[in-house]
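Biologist: Could you take a close look at one part of this model with me, and then lead me outwards from there? I'm new to reading structures, so please go step by step.

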Amino acid sequence: MAKDVARPSTEVVGQEASATQKAYLALRRMIVVGELQPGEKLKIDRLRSELNTGASPIREALSLLTSDLLVERLDQRGFRAAPTSHENFVEILTLRCELEEMALRQSILNADEAWEDALVLAHHKMAREGRDDPEQFEERHKTFHMALLSNCASPILMKFCSQLYDLNIRYRYLAGNALNYQQRDVSTEHAAILEAAVDRNADLAAERLLSHYHQTGAFLNGLFTMKDPEG
C-alpha cells in the first residue's frame with residue numbers, strides 16, 4: 001500500500017506565495033527606480049540579505065520579473081537586471097504609443113459614468129500629490145494613465161500597457177535630475193488629456209496623449225547623445 005505523501009498546509013503555501021509577492025514587488029521597485037542598475041548581476045545571497053527573505057522567494061520573484069522584461073536569465077549564471085539602450089527605449093516608446101492609443105480609443109468608446117468618476121478621482125489624487133516624493137507621485141501618475149485605458153475591456157491589452165509603462169518609467173528614473181519639467185507645464189498636459197477623455201473626444205484625447213509621450217520621449221532620447229544610460 002502506497003504511503004500518503006505529506007502535502008504542505010494551505011497556510012504554508014500562502015506564506016510562500018506572500019513572500020514571493022513581497023520579493024517581486026521589492027525587486028521590481030529596485031530595478032525600476034535604478035537601485036539595481038541596468039545589466040547588474042543579481043546575486044541571490046545579497047538580495048536575500050537586503051530583503052530579509054529566503055532564497056526560494058527571491059528566485060521565484062526573479063523568474064516572474066523575466067516575464068516583465070525587467071530581468072534577464074543568464075545561462076547557468078543566474079540573473080541580471082535587464083540592460084538599457086537607445087534602441088530599447090525607442091521600441092518601448094513606439095509600442096506604448098500604439099497600444100495606449102488603441103486602448104484609450106476603446107476606453108472612450110465604452111465610456112460610462114463609473115469610468116469617468118474613477119478617472120477624475122485618479123487625476124485629482126495625482127495633481128494633489130506634488131513631486132516632493134517622486135516614487136509616490138509616480139504611483140499616482142501610473143494610476144491616472146492606467147485609468148484612462150481601464151475601460152477598454154481588454155485585460156491582455158491592459159497588461160501590456162502596464163508593462164510598457166514600467167519599462168518606460170525606468171528610463172525616467174535613470175535620467176534622474178537631468179529630467180526636469182520646468183520647461184513644460186505637465187500638469188496642464190494631464191488636465192488637457194483628462195478634459196478630452198471626459199468629453200468623449202477620442203481623436204483629441206489620443207492626440208494629446210501621444211503629444212505628452214513624445215515630448216517626454218524627445219527629451220529622454222536626447223540624453224543618449226550626452227551619456228550612456230548604462231554608464
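Modeller: Let's start with Lys 142, which lies in helix H6. Keep in mind that we are looking at a predicted model. Is Lys 142 buried or exposed? Its relative accessibility is 16%, and because buried means under 20%, Lys 142 counts as buried. What does Lys 142 touch, once residues up to four places away in sequence are set aside? The list is Arg 28, Ser 162, Tyr 165 and Asp 166.

Now let's move along to helix H7, which covers residues 155-175. Here you can find Tyr 173. With 21% relative accessibility, Tyr 173 counts as partly exposed. The cut-off for buried is under 20%, so Tyr 173 at 21% does not make it. Leaving aside neighbours within four places in sequence, Tyr 173 is in contact with Val 32, Val 33, Pro 134, Glu 135 and Glu 138. Some residues can be far apart along the chain and still come together in space: Tyr 173 and Glu 35 are 138 residues apart in sequence, yet their C-alpha atoms are 9.7 Å apart.

Cys 161 is worth a stop too. At 1% relative accessibility, Cys 161 is buried. Why does Cys 161 not form a bond with Cys 152? The sulfur of Cys 152 is the closest cysteine sulfur to that of Cys 161, but the distance is 6.9 Å, which is too far for a bond. A disulfide needs two sulfur atoms within 2.5 Å. Across the whole structure, the search finds 0 disulfides.

Next comes some empty space inside the protein. There are 2 cavities of 30 Å³ or more, and the largest has a volume of about 110 Å³. It is lined by 16 residues, and those closest to its centre are Arg 96, Asn 168, Arg 172, Tyr 213 and Thr 216. The elements that give two or more residues to this lining are H4, H6, H7 and helix H9 (202-223). So our starting helix, H6, is among them. Which helix gives the most? H9 does, with 5 residues.

From the cavity we can step over to helix H4, residues 86-109. H4 has 24 residues and reaches 35 Å from its first C-alpha to its last, close to the 34 Å expected at 1.5 Å a residue. Its buried residues include Phe 89, Ile 92, Leu 93, Arg 96 and Cys 97. Arg 96 is one you have already met, among the residues closest to the centre of the largest cavity. Cys 97 is buried with a relative accessible area of 7%. Further along H4, Glu 100, Ala 103, Leu 104, Ser 107 and Ile 108 are buried as well. Here is a handy idea for reading such a list: an α-helix has 3.6 residues a turn, so residues three or four places apart point the same way.

Last, let's visit the strands. Strands E2 (residues 71-74) and E3 (residues 78-81) run antiparallel and are joined by 4 bridges. They form a hairpin with 3 residues between them, and Gln 76 in the turn has a positive phi of about 60°. Val 71 has Ala 81 in E3 as its bridge partner, while Arg 73 stands opposite Phe 79 in E3. E3 also pairs with strand E1 (residues 41-42), in the antiparallel sense over 2 bridges. There, Leu 42 stands opposite Phe 79 in E3.

Conventions
Residues numbered from 1 in each chain as written. Predicted model: local features only at pLDDT ≥ 70, side-chain atom pairs only at ≥ 80, totals over all residues. Heavy atoms only, no water. Buried < 20%, exposed > 50% of the residue type's maximum accessible area, 1.4 Å probe, protein only. Contact = heavy atoms within 4.5 Å. Pairing = 2+ DSSP bridges. Expected span 1.5 Å × (residues − 1). 1 Å grid on protein atoms, 1.4 Å probe; cavity = no way out; pocket = protein on both sides within 12 Å on 5 of 7 lines; lining within 4 Å. Points joined across faces, edges and corners; volume = space filled by probe spheres on them.
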